[in-house]
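The following exchange asks on what grounds certain descriptions of a structure rest. Each reply sets a value against its criterion.

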Amino acid sequence: MNLHEYQGKEILSSFGVRVQRGIVATTPEQAVEAAKEMNDKTGTNWWVVKAQIHAGGRGKGGGVKLAKTLDEVKEKASEIIGMNLITPQTSQKGKKVHQVFIAEDMYYPGEAEIEEFYISMLLDRVKGKNVIIYSTEGGMDIETVAEKTPSLIFSEEIDPSAGLQNFQARKIAFNLGLSGESFKNMVKFVSALYNAYIKSDATLFEINPVLKTSDNQIAAVDAKVTIDNNSLFRHPDYVKLRDIREEDPIEVQAGEAGLNFVKLEGNVGCMVNGAGLAMATMDIIKLSGGDPANFLDVGGTADAERVEKAFRIILADDRVQAILVNIFGGIVRCDRVAQGILDAYKNMRDFIKVPIIVRLQGTNAEVAKKMIDESGLKVISAITLEDAAREVTKALS
Ligand code: GDP
Ligand code: MN
């Protein structure tokens with residue numbers, strides 16, 4: 001689950017990580033109130049108006065603006081709220097901005113002394129360790145730094161059972177070129193950040209920039225936080241942080257129907273039971289000259305209702321030129337699945353414009369094939385994978 005910057009910062013703060021503080025607002029008037037409140041709280045006279053969308057690179061797209069008066073806060077907030085923000089990390093269509101974060105300006109006079117760093121935390125699945133990736137080159141696109149000056153990116157592996165050791169936090173502060181007060185504050189910052197990463201069951205923390213202020217404080221100016229969906233039962237208070245408006249509507253619909261669905265870019269829709277078989281099916285589609293349009297695991301029960309929902313979700317994508325259904329009938333018999341497919345097909349016959357290739361294997365596979373062949377419907381049956389692949393190739397040519 002991805003979070004907005006302001007939500008990520010709330011979590012960081014709750015674990016004692018110093019952040020650039022602010023208040024979220026959904027109208028220009030609220031933005032002005034928020035700016036006044038920030039002035040009361042922190043004494044700040046300048047504010048940063050920051051678009052809240054699930055994508056980085058907002059600054060480049062005009063979604064982060066400095067305001068030096070309350071009038072400017074109102075003006076910038078009016079510009080940003082409701083805008084369609086296009087950044088290097090959004091699609092070309094961009095994302096609609098529903099709210100802004102009115103934050104304290106932390107780059108106060110003293111530009112010469114401030115420094116921006118990059119720090120992220122994530123799991124290295126191959127090594128089975130957490131890793132902290134960090135760089136002196138904060139505030140810009142880390143991919144560019146990786147490409148142009150890879151020697152300026154460091155990484156530190158953390159054994160999850162031992163946790164972050166103090167010498168590691170010191171090494172990070174040292175490699176970032178800090179000394180004295182800012183060194184001590186960075187050690188504290190990194191330790192608190194790692195603790196927050198573990199306790200919140202995050203799969204990613206990306207803080208870019210981490211700022212060293214002119215008075216040697218260290219704070220998170222930006223926060224990209226992703227929480228492991230599988231851990232949400234442990235964090236009932238995080239569940240409400242989900243913002244469905246930021247998610248692909250088709251994926252939301254699939255989730256509600258209990259389907260594991262991921263949209264891809266290709267032209268062959270697939271409907272499969274079991275994630276492993278779904279992966280193999282995507283390979284078959286590739287081998288047959290197509291490109292998978294999605295990953296879709298219908299799970300154990302492939303009844304008419306679920307199949308119909310799955311068909312509708314796949315067909316909502318107008319790039320789809322054929323659908324390959326690949327079901328292994330183990331617990332659920334193939335003839336039951338075939339009946340489900342036929343019933344669903346009959347219900348939405350007018351809606352289906354592309355060939356459907358059904359490959360059923362397992363218990364009663366022959367019976368199922370016969371049912372499909374004799375149905376008189378435009379559904380092509382197959383039992384072996386080779387046959388199914390050949391039919392997909394034919395459908396695409
Ligand atoms: P992103 O563009 O989506 O990564 O959003 P960030 O939160 O990283 O902000 C983008 C840029 O805005 C930062 O790299 C800073 O250069 C600038 N910025 C952020 N906060 C402040 C601030 O408090 N004062 C000033 N002057 N600039 C800021
Ligand atoms: Mn950033």
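Q: What makes a residue count as near a molecule?
A: A residue is near a molecule if one of its heavy atoms lies within 4 Å of it. In this predicted model, there are 18 residues around ligand 1, and K50, R58, G59, D105 and M106 come nearest.

Q: What makes the pair formed by D105 and ligand 1 a polar contact?
A: A polar contact requires a pair of N or O atoms within 3.5 Å. An N or O atom in the side chain of D105 is 2.5 Å from a nitrogen atom of ligand 1, and therefore the pair satisfies the criterion.

Q: Which part of M106 approaches an oxygen atom of ligand 1?
A: The approach is made by a backbone N or O atom of M106, at 2.9 Å from the ligand oxygen. The cut-off is 3.5 Å, so this pair is also a polar contact. Of the ligand's surface, 570 Å² is exposed when ligand 1 is taken alone, and the protein buries 81% of that.

Q: How do you know which domains supply the shell around ligand 1?
A: The domain assignment gives domain 1 (1–20 + 107–247), domain 2 (21–105) and domain 3 (248–396). At least three residues of the shell come from each of domain 1 and domain 2. Among the strands, β2 (47–51) and β10 (202–212) each provide at least two shell residues. By class, the shell holds 6 nonpolar, 6 polar and 6 charged residues. The centres of domain 2 and domain 3, taken over C-alpha atoms, are 45 Å apart.

Q: Why are N208 and D222 called donors of the manganese ion (ligand 2)?
A: Donors are N, O and S atoms within 2.8 Å of this metal. N208 (O) and D222 (OD) lie 2.2 Å from the manganese ion, so both meet the criterion. The two residues are 14 residues apart: N208 belongs to strand β10, while D222 sits in the loop between β11 (218–220) and β12 (224–227).

Q: Why is N208 called buried?
A: Buried means under 20% relative accessible area. N208 has 16% relative accessibility, and therefore it counts as buried.

Q: What makes L178 buried or exposed?
A: The relative accessible area of L178 is 6%, which is under the 20% limit, so L178 is buried. L178 is found in the loop between α5 (166–175) and α6 (180–199).

Q: What separates the C-alpha atoms of L178 and N216?
A: The two C-alpha atoms are separated by 9.6 Å, although L178 and N216 are 38 residues apart along the chain.

Conventions: Residues numbered from 1 in each chain as written. Chains lettered and ligands numbered in written order. Predicted model: local features only at pLDDT ≥ 70, side-chain atom pairs only at ≥ 80, totals over all residues. Heavy atoms only, no water. Polar contact = N/O pair within 3.5 Å; in protein donor to acceptor, adjacent residues only side chain to side chain. Areas by Shrake-Rupley, 256 points an atom, 1.4 Å probe, with all protein chains shown as cover. Helix = DSSP H or I, 4+ residues; strand = E, 2+ residues; numbered from the N terminus. Nonpolar A, V, L, I, M, F, W, Y, C, P; charged D, E, K, R; others polar. Domains from an automatic or database assignment. Donors = N, O, S within 2.8 Å, 3.2 Å for Na, K, Ca; no water. Buried < 20%, exposed > 50% of the residue type's maximum accessible area, 1.4 Å probe, protein only.
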